[in-house]
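Q: I should like a close look at a single part of the structure shown below, taken slowly enough for a first-year student. Please begin with one loop and then connect it to its surroundings.

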Amino acid sequence: DVVLSLPALRGIRERFRDARITVAVGKPGAEVVVLSGYADATLVVDRVALRDGPKLVSIAKILKLVKNVRRAQFDFVIDLHSLSETNLLGFLSGAPKRLYSRRPGRSLNYLSNFHPRPPVEDTSKHSADRYLDVLRPLDIKDVSAIPRLRTKPSDDLAIEKMLRKEKATFAAPLVGLFPGAGHPGRRWPMERFASLADHLMRNEGARVLVFAGPEERSLIQQIRQEFPPSTIVFDRLTIPQLASAQARLSVFVSNDTGPIHLAAAVGTSVVMLMDRPTPNSFVPLEQHHRTVYGKTVRELTVEEVYKVTCELLAARRTAALFSR
């Protein structure tokens, strides 16, 4: 969601060049917002911890959050994602103007007071376009819906050192795999990721990098057991470092989850594995990306994912040849 909101944030930044913009966001998303350069500050809010933590502790944290937000004296609140709790926080901020996304059954539209109001959310649209629709009343238009991120030189250097340590040179194409997902039902089986890695190494001469975050820590032992021995495993990268590593890849293959959008935003070709019969509003938008999907993600075979990955690898090699 945060990566796909970047075009809207870019539009707000360009429309209000002299404004001080603070983005309220979860901790992982905050690192993406900082990397984008569109905000002056972030307000980190762990919604899941507030929802699932001890009630008295959560209430105390919420009261402190409201106090801090009111102290900031915001002039204008724009709620792109628009949930009832974020709408309420915007109202309690004391900001005189509030513009909220209109999401039937999810947002509290009566707490918004900016006119004209944005159109009611159209769920048939891509998520990035939905966020941009919220900004229509501000005359923000003609903004590209493609998220873009630039990596930082310090993170690029850190990744370069890690790859050099693994003897991953420019001679072999680098292919990244991300076997995790926010929900177990979205995960392509681990053994198929491992088989894909084996195909890419033996037939394409690729070096394979497997990425894992905090949610995939329990899978690390399985990854090391099932993947070919020469597989590079990066499981302790920061999000900016992950973006820098992805920018070095020829192709990134992943389940339907956050890192694939990060890879697309830094310009890397991606293969998204999906558990739906048709692409939805979260697929990467550009032509050099591919989506492979079925009624369930477990239906996808190694052969079809390998074929699509090789097509993107070949296109990358051709582009590199003509750019010399």
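A: Lys167 is found in the loop between α7 (153-165) and β5 (174-178). The model in which this loop appears is a predicted one. The backbone at Lys167 deserves attention, for this residue has a positive phi of about 60° although it is not a glycine. As a general rule, most residues other than glycine have a negative phi. The side of the question that concerns the surface is settled by a cut-off: Lys167 counts as exposed because its relative accessibility is 65%, and exposed means over 50%.

A second residue offers a useful comparison. Ser82 also has a positive phi, of about 55°, and is not a glycine. Ser82 lies in the loop between β3 (76-79) and α5 (84-92). With a relative accessible area of 0%, Ser82 is buried, whereas Lys167 is exposed. A further backbone feature occurs in the loop between β4 (97-100) and α6 (127-134), where Pro116 lies. The peptide bond from His115 to Pro116 is cis, with omega near 0°. Most peptide bonds, by contrast, are trans.

We return to the starting loop and follow the chain out of it. The loop of Lys167 leads to strand β5, and β5 is joined to β8 by 4 bridges, the two strands running parallel. Within this part of the structure, Phe178 stands opposite Ser254 in β8. The other partner of interest is strand β9 (residues 269-274), which pairs with β8 in the parallel sense over 5 bridges. Here Val251 stands opposite Ser269 in β9. Between these two strands comes a helix: β8, helix α11 (residues 258-265) and β9 make a right-handed β-α-β unit.

How enclosed is strand β8? Because 5 of the 5 residues of β8 (residues 251-255) are buried, the strand is largely enclosed by the rest of the structure. Both of its faces are covered, with Val251, Val253 and Asn255 buried on one side and Phe252 and Ser254 buried on the other. Phe252 has a further role in the picture, as it forms one aromatic cluster with Phe211 and Phe234. In the whole structure, a search finds 4 aromatic pairs.

The helix on the other side of the starting loop leads to the charged side chains. Side chains of opposite charge can pair when their charged atoms come close. The structure holds 13 salt bridges. Among them is one within reach of helix α7 in the sequence: the side chains of Lys152 and Asp155 meet at 3.9 Å, N to O. Lys152 is partly exposed, with a relative accessible area of 38%, while Asp155 is buried at 8%. Elsewhere, salt bridges that share partners join Arg103, Glu121 and Arg130 into one network.

Another salt bridge is formed by Glu286 and Arg148, whose closest N and O atoms are 2.6 Å apart. This pair links distant parts of the chain, since Glu286 is in the loop between β9 and β10 (290-293) and Arg148 is in the loop between α6 and α7, 138 residues apart. Arg148 is partly exposed, with a relative accessible area of 38%. A salt bridge is likewise formed by Asp133 and Lys125, with the closest N and O atoms 2.8 Å apart. In this pair Asp133 is buried, its relative accessible area being 13%, and Lys125 counts as partly exposed at 27%.

Finally, the surface also has a nonpolar part. Leu56, Ile59 and Leu63 make a nonpolar surface patch of about 360 Å². Ile59 has its place in helix α4 (residues 55-72), and Leu63 lies in helix α4 too. Ile59 is partly exposed at 47% relative accessible area, and Leu63 is exposed at 58%. Leu63 and Met274 are 211 residues apart in sequence and 40 Å apart in space, C-alpha to C-alpha.

How values were computed: Residues numbered from 1 in each chain as written. Predicted model: local features only at pLDDT ≥ 70, side-chain atom pairs only at ≥ 80, totals over all residues. Heavy atoms only, no water. Patch = residues over 30% accessible without salt bridge, like charges linked within 9 Å, V, L, I, M, F, W, Y side chains within 5 Å. Areas by Shrake-Rupley, 256 points an atom, 1.4 Å probe, with all protein chains shown as cover. Salt bridge = Lys/Arg side-chain N within 4 Å of Asp/Glu carboxyl O. Buried < 20%, exposed > 50% of the residue type's maximum accessible area, 1.4 Å probe, protein only. Pairing = 2+ DSSP bridges. Right-handed = clockwise from strand over helix to strand, strands pointing away. Phe/Tyr/Trp six-rings, centres within 6.5 Å; stacked < 30°, edge-to-face > 60°.
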